[in-house]
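Trainee: Before we begin, may I ask how the descriptive terms for this structure are justified? I should like each label set against its criterion.

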Amino acid sequence: MKKLLNAVTIIFCIFLTACTHSDNTAANPAVTEMSETHGNSAEVISSQAVQTTESDLQHSKVNAECGEVKRLLSDFAVESRRVGEAGRDNATKFISDKLKSDGWYVTQQEFPVFRYKDVFSEPYNIGENGEPVGTGINIIAELPDFDSSKPTLILSAHYDTTKENIGIIDNGSGTAFLLSAGKWISKFNGEYNLRLIFFDVEESRMYGSKYYLENLSLEEHSGIIADINFDMLGGNHLSIGTVNGFESALSIYLEQLTGYEYELSDKGSSSDSDPFMYWQIPALTFIDSDLPADPRTFHILIMFQMNRLIPLLYSLLILSTDLTLLNLLLQKAVRL
Ligand SMILES: [Zn+2]
């Protein structure tokens, strides 16, 4: 265990020094005001047929975002986060407070957890006999101008951990990334709503997301455009996880949007995107398909992933005026 802890500590330290690297890729002036003047930039980008790549973003901007991910990770991924543990409660508070300070309206969805169980049984039963061992908490954030008459795009990441694991990569990385993005996308103003969800109890067969979906009304279900989930970032094999590793209309759409050809993996079936697909809601997980054994490469890798994920989210939100296209593409985006 000590060896393991040492290894984890080394990985963490290298991970935290990761984001200081930069190169001199030419910046695209159209996106230099990413945080500050979203609306103006959107017009410029739209006229350029929205082919955003990593070189489109100023590296100083990406570095700033990367630094924020680093800071959040160092504050957040310091203890295991399981139901019944202080670490989970601390994480719930940390995430909620950060979101509120960035202008989000935050609610916490509580649900009983009867036991952690390793047997997957569709759809939602992790053992509901006996007394609950604790309370799971999904953290849900919406912007103050949330309009229930509009459809909603969900961005998600799970914040719980496996047993005795401080969860830097799984899934401190996805949590910190989404929290970081939450600051600048809080200025989003599109034809649809954004909802950020930090799921609890993913590590017991995605119970938190299953509970969330099971307790939505049919109307609420039909109002969800898609779920884009982040789980385990940090390697150099950033891929799109679908339920079976095959492309979906959603993955094709994101490739068209960003100009990348993403590696596909079947790891979307083992994260919170899977329950969404079960409910026929387009969903995918950005996940590392091959986390490296050598931690010395981490500092390059997290930068690599920021270079793709930040422009991706930015492009997605810029396309808010093109909801018709989005819906068209998503019609066939479920299980293929
Ligand atoms: Zn995970």
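Mentor: Let us start with burial: a residue is called buried if 20 or more other C-beta atoms lie within 10 Å of its own, and exposed if 12 or fewer do. By that criterion, 46% of the 336 residues in the protein chain are buried. Please keep in mind throughout that this is a predicted model.

Trainee: How confident is the predictor in the protein chain, and where is confidence lowest and highest?

Mentor: The mean pLDDT of the protein chain is 73, and 65% of the residues score at least 70. Helix α2 (residues 38–46) has the lowest confidence, with a mean of 30, whereas helix α4 (residues 86–101) has the highest, at 97. In residues 118–127 the pLDDT falls below 50, although this stretch has 15 contacts in the model beyond near neighbours in sequence. Residues 332–336 are also below 50, with 13 such contacts. Where pLDDT is low, the predicted coordinates should not be read in detail.

Trainee: What makes up the secondary structure of the protein chain?

Mentor: The protein chain contains 11 helices and eight strands. The eight strands form an open sheet of mixed pairing, in the order β1-β2-β4-β3-β5-β8-β6-β7.

Trainee: Why are β1 and β7 said to stand at the edges?

Mentor: Strands β1 (105–113) and β7 (263–265) each have a single partner strand, so one side of each has no neighbour in the sheet. From one strand to the next, the twist averages 25°.

Trainee: What makes the pairing mixed?

Mentor: Compare the two partners of β4. Strand β2 (residues 134–142) runs antiparallel to β4 and is joined to it by four bridges. Among the bridge partners there, Ala-141 is matched with Leu-196, and Ile-139 with Phe-198. Strand β3, in turn, runs parallel to β4, with seven bridges between them. One of the bridged pairs is Thr-152 with Asn-193 of β4. Since two strands pair if there are at least two bridges between them, the four bridges to β2 and the seven to β3 both satisfy the criterion.

Trainee: Which helix lies on the path from β3 to β4, and what is the handedness of that crossover?

Mentor: The chain passes from β3 through α5 to β4, and this β-α-β crossover is right-handed. That label applies because, with the strands pointing away from the viewer, the path from the first strand over the helix to the second runs clockwise.

Trainee: How do we know whether the length of α5 agrees with expectation?

Mentor: Helix α5 has 17 residues and spans 23 Å from its first C-alpha to its last, which is close to the 24 Å expected at 1.5 Å a residue. Moreover, 16 of its 17 residues are buried, so α5 is largely enclosed by the rest of the structure. Asn-171 belongs to this helix, residues 168–184, and the peptide bond leading to Asn-171 from Asp-170 is cis, with omega near 5°.

Trainee: Is β4 largely enclosed or left open by the rest of the structure?

Mentor: Six of the seven residues of β4 are buried, so this strand is largely enclosed. Helix α6 packs on the sheet, where it touches β1, β2, β3 (152–158) and β4, and its direction makes about 65° with that of β2.

Trainee: Why is Leu-153 called buried?

Mentor: Leu-153, in strand β3, has 22 C-beta neighbours inside 10 Å; the cut-off is 20 or more, so Leu-153 counts as buried. Its contacts, apart from neighbours within four places in sequence, are Tyr-192, Leu-194, Ile-225 and Ala-226. The C-alpha atoms of Leu-153 and Arg-195 are 6.2 Å apart, although 42 residues separate them along the chain.

Trainee: What is notable about phi of Val-201 and of Gln-280, and is each buried or exposed?

Mentor: Val-201 has phi near 50°, a positive value in a residue other than glycine. This residue is in the loop between β4 (193–199) and α6 (207–214), and its 27 C-beta neighbours inside 10 Å make it buried. For Gln-280, phi is near 65°, again positive in a residue other than glycine. Gln-280 sits in the loop between α9 (273–278) and β8 (283–288). With 12 other C-beta atoms within 10 Å, and a limit of 12 or fewer, Gln-280 is exposed.

Conventions
Residues are numbered from 1 along each chain as its sequence is written. This is a predicted model: local features need pLDDT of at least 70, side-chain atom pairs count only at pLDDT 80 or more; totals for chains, interfaces and linings use all residues. Helices (H or I, at least four residues) and strands (E, at least two) are DSSP runs, numbered from the N terminus. Axes are lines fitted to C-alpha atoms, for helices over the stretch in contact, and angles run from 0 to 180 degrees between N-to-C directions. Two residues are in contact if their C-beta atoms, placed from the backbone, lie within 7 Å. The expected span of a helix is 1.5 Å times one less than its number of residues. pLDDT is the predictor's confidence in each residue, from 0 to 100.
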